Amino acid sequence: MAKNQSASLDRKKFFADPIMVTTIVVLIAFLTLFILYPLAILLVDSFVTDQGIGFSVFRRIMKMSNFRRAITNTLKVGFLVGIASALIGLLFAYVEVYVKLKTRFMEGLFKVVSMLPVVSPPFVLSLSMIMLFGKAGIITRFLLHIYDNNVYGFWGIAIVQTLTFFPVCYMMMRGLLKNIDPSLEEAARDMGATRWKVFMTVTLPLILPGLGNAFLVTFIESIADFANPMIIGGSYDTLATTIYLQITGAYDKEGASAMAVVLLGITLLMFIVQKYYLEAKSTATLSGKASRQRMLIEDRSVTIPLTILCSLLAIFVVMMYICVPFGAMFKTWGYDFHLTTKWFKQVFTKYKGLKAFKDSFVLSLVASPITALLSMIISYLVVKRKFKAKGFIEAVSMLAMAVPGTVLGIGYIRGFSAGVFRTGFLQGLYGTGAILVIVFIVRSLPTGTRSGISALRQIDKSIEESAYDMGADSLTVFMTVTLPLIKDSFLSGLVTAFVRSITAISAIILLVTPQYLLITVQINEFAEKGAYGIACAFASILIIITYSAVLLMNLVIKYFGTSRNYREE
Amino acid sequence: MAKEKKGVRLEHISKIYQDPKTKKNFYAVKDTSLDIEPGSFVTLLGPSGCGKTTTLRMIAGFESPDEGEIYLGGEPINALTPNKRDTAMVFQSYALLPHYNIFDNVAYGLKLRKMDKETIKTKVTNILKLVGLEGMEARMTNQLSGGQQQRVALARALVLEPGVLLFDEPLSNLDAKLRVSMRTEIRRIQQEAGITAVYVTHDQSEAMAISDKIIIMEKGIVAQMGSPQEIYYHPKSEFVADFIGEANFLKGPLKSKNGSDGVVDISGTKVDVKEIKNFGIGDTCTLVLRPESAVLADAGQLPCRVILSCFMGSYQNYHVMVGDNLVKITDFNPKNKKIYNVGDNAYVKFDPANVHVL
Ligand SMILES: Nc1ncnc2c1ncn2[C@@H]1O[C@H](COP(=O)(O)OP(=O)(O)OP(=O)(O)O)[C@@H](O)[C@H]1O
Ligand SMILES: [Mg+2]
């Protein structure tokens, strides 16, 4: 029994659709050239030397004590941050889903906490950490009178990363907890178990794979993070910063490539475990939609301590963010608390702020619609079409999620500075705005694709089939049916891509040329120099831009989005 | 109104799927040949999973057959994509475009055919009148009842004047009453438009009510094809007899034969039957007896004992034992008849002409 005829007929039907074939070919070329190829070139660089193929480069870098230390440092931080973020995330999710806290204030607080990391540049918390707890920190110096507190190093990175990443865990755990059928727990309560016992014997086992999933996701984020270790790491180097220094300081391209391969290997391994083992498992144990409303915990001995704990944490996080604009309004942080507008003025008069904002803004503005459209096309192909290369497209666009920005940056340097495979082909790309736009696209593509895929899965396949049946070709179906139906996802993908692009730093800092001034790179520079006032001024303006973008998106979705018109709840 | 009625011919069509669990290939449709005449209404009927939807989707072009060729109006269409085929499908879930209003839903296919605005407007207005939705052009699809959505789906397909209309269980999301009125409606519109229709359902009364021809499918194979009467009165197998309507099966050896008449031994009782040409003496015959073709009486062919007697209004429902066989009988209009109670002995009485022999 062979499916020869249907296979060949399907192929004929497929090739009868030139637009689709072209799209797929272009897509495959793009993914190969800008995701696979830069990674492949790193492998080539680190294994192939003048003496032939071998481990000589790896042997050399493993001899460097600072590299060995960077590996342990990175893993140590990643481990701690992963555990802490998953647990704090769980705490917040549990309190939101299980505990009765019908105060406006708490609801608002929770919303802000889940929103802040999305709109803020990655290293903002490092800045405020230094300003609150550093040598001139308000809390350490003025409240506690500690004059030599050292926030730089392991604890600085760990705390800042935990506060940055736990909201992601909070969102993940919330989704899982909401899907637990309350009757499971009520049954256990009925049999006389205490709340703590129910949590340990029913709830926790159900969400354990999900907790592991959250841990790994954070772990990957942590070891890929470049900006925070850069600003608050001090002499405590992680893999990302070591690679950066190896190429910008020591000009050791082969060494940096091999180091990047090591970092990529670690994240990839974690990613595979997370994606193919834990992610499936974390939802498999849960039945799907909860059958009815959960009885919220009202017992004061439970609600009061949990509420206080969460509030304190949340207020602390909010305070850290608020600290940034204040940092830009005082004359000299830590010494002279007279209000001033001089930092904001200097941004534009002295430090070419206008150009920086314009460059960042324009490049991100170019990248985001392309990213959003590409991710919707990829999701459409992955969810709705059948063709041979589908697995490849899906795998590579997800792979991009596991690639740390620093690794991608090194890959682009090695892969494009002398043209593709050092042939000079596409060499013109290197150092232009175009390559920055491409990096922005590649960095945001996986998030957009993921949201597009989940949006498309909810659409009955027969709706598109009916359009197809009435005579529309695949381009028409995509433009007149698919895209309008996932408009919300498209719009939010647009803004997410914009926000991610304008706040990106890890890959971009390796590729940017003096021709372009990017805000994030500026902030990083000033923060490193200790010019916190000006760094804060830049960061504040950046947060205002991103926050406005998100507000604008919510407004647009509210008035023009799909859900209001016809999606059945 | 249709430009040209087109027939559909399936020649030795098979479709192979892979079982997602065992990874084994199996035939969802096997060696199916059908000849659907232009302008006729044909129903594919069968239990769940027998390959009805698969067959329909092959005609529409969403699936490609693994063996055989499909012809539409004489043209082979195997390699054509759905948008190039002169078919229009009405989906079970209606599949209306939720971001368009009714007018735009119905006009969608016409716009793709690059018709001018005036023509589109006239055609849409006419077709909405035909399905009884005039004046509702501006409504969004979620402001319609299930029956109205069904009509939009039908109008949207009809307005394209396709060679063939395909229906996949179009009424199964509606309540029982609406189902009955909608099926009459569909039949009326199909005849008015004179379009060839292939209709999938697993509801046998629906199939009987609207079809010129019924095709009974069993596990991917055509079990029988014929007019509703043929299939009901002359089923070719127990499966068909049981699937369409209710049937009692009584088995026994053929004792004697005289031309096309004969005598079969059922649990020790001799029963006269007709039309047994193909059987020889001693062969096991299966008598198919419809519950409404028999009554209970004090004298008749088969002695029996009543084990259930239930008044249903328009009929009395009996279950009786004939030897070891359970026989169901529906005795219509029981008002002035003798009612037998549980435990009574009686006879099953029927006209030999109403017994079909397998
Ligand atoms: N895409 C597919 N992949 C694998 N098996 C399939 C696929 N689609 C259908 N099948 C299988 O093929 C067989 C026939 O399916 P089909 O949908 O044609 O049944 P049906 O007669 O329409 O049933 P129903 O009345 O339940 O709609 C079933 O066993 C089904 O599980
Ligand atoms: Mg079906």
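## Two chains, their domains and a ligand

Chain B comes in two pieces, domain 1 (8-242) and domain 2 (247-357), with bounds taken from an automatic or database domain assignment. What you're looking at is a predicted model, where local features need pLDDT of at least 70, side-chain atom pairs count only at pLDDT 80 or more, and totals for chains, interfaces and linings use all residues. Residues are numbered from 1 along each chain as its sequence is written, chains are lettered from A and ligands numbered from 1 in the order in which they are written, and side-chain values use heavy atoms, with hydrogens and water left out.

### Inside chain B

Let's start with the two domains of chain B. Taken over C-alpha atoms, their centres are 39 Å apart. Domain 1 of chain B puts eight residues into the contact and domain 2 of chain B puts in nine, where contact means heavy atoms within 4.5 Å. Together these two domains bury about 730 Å², with 45% of that on carbon and sulfur atoms. Buried area here is the accessible area (1.4 Å probe) that two parts lose on being put together, summed over both.

Which three residues supply the most of the area that domain 1 of chain B buries against domain 2 of chain B? They are B:Tyr232, B:Glu238 and B:Ala241, which supply 64% of it. One of these, B:Glu238, also shares a salt bridge with B:Lys251, side chain to side chain, at 2.5 Å from N to O. A salt bridge is a side-chain nitrogen of Lys or Arg within 4 Å of a carboxyl oxygen of Asp or Glu. The rule finds one such bridge across this domain interface.

There are also six residue pairs in polar contact between the two domains (both residues at pLDDT 80 or more). A polar contact is a pair of N or O atoms within 3.5 Å; within protein, one must be able to donate a hydrogen and the other to accept it, and residues adjacent in sequence count only if both atoms are side-chain atoms. On the domain 1 side, the elements giving two or more residues are helix H7 (228-233) and helix H8 (238-243) of chain B. Helices (H or I, at least four residues) and strands (E, at least two) are DSSP runs, numbered from the N terminus.

### Inside chain A

Chain A is split too, into domain 1 (57-333) and domain 2 (342-569). The centres of these domains, over C-alpha atoms, are 23 Å apart. Here the contact takes 40 residues from domain 1 of chain A and 37 from domain 2 of chain A.

The side of domain 1 of chain A that touches domain 2 of chain A draws on several elements, including helix H5 (104-119), helix H12 (239-248) and helix H14 (300-327), but what about the top giver? The most comes from H13(A), with eleven residues. By class, this side has 31 nonpolar, five polar and four charged residues. In that count, Ala, Val, Leu, Ile, Met, Phe, Trp, Tyr, Cys and Pro are nonpolar, Asp, Glu, Lys and Arg are charged, and the others, Gly among them, are polar. Across this domain interface the rule finds one salt bridge, and the count of residue pairs in polar contact is two (both at pLDDT 80 or more).

### Where chain B meets chain A

Now for the two chains together. In this contact, 41 residues of chain B touch 33 residues of chain A. Within chain B's share of the buried area, B:Asn83, B:His99 and B:Tyr108 supply 18%, more than any other three residues.

How many salt bridges does the rule find across the interface of chain B and chain A? It finds one, and the side chains that meet in a salt bridge are those of B:Arg57 and A:Glu465. There are also 17 residue pairs in polar contact across this interface (both at pLDDT 80 or more). Among the elements giving two or more residues to chain B's side are strand E1 (8-18), helix H1 (52-60) and helix H2 (102-112) of chain B. That side has 21 nonpolar, twelve polar and eight charged residues.

Here are the buried areas and salt bridges for the interfaces:

| Interface | Buried area | On carbon and sulfur | Salt bridge, N to O |
|---|---|---|---|
| Chain B and chain A | about 3,000 Å² | 57% | B:Arg57 and A:Glu465, 2.7 Å |
| Domain 1 and domain 2 of chain B | about 730 Å² | 45% | B:Glu238 and B:Lys251, 2.5 Å |
| Domain 1 and domain 2 of chain A | about 3,200 Å² | 78% | A:Glu254 and A:Arg414, 3.7 Å |

### Around ligand 1

Finally, look at ligand 1. It has 13 residues around it, and B:Ser48, B:Gly49, B:Lys52, B:Thr53 and B:Thr54 come nearest; a residue counts as near if one of its heavy atoms lies within 4 Å. A backbone N or O atom of B:Gly49 is 2.8 Å from an oxygen atom of ligand 1. For B:Cys50, a polar backbone atom is 3.2 Å from a ligand oxygen. With B:Thr54 the side chain takes part, as one of its N or O atoms is 2.5 Å from an oxygen atom of ligand 1.
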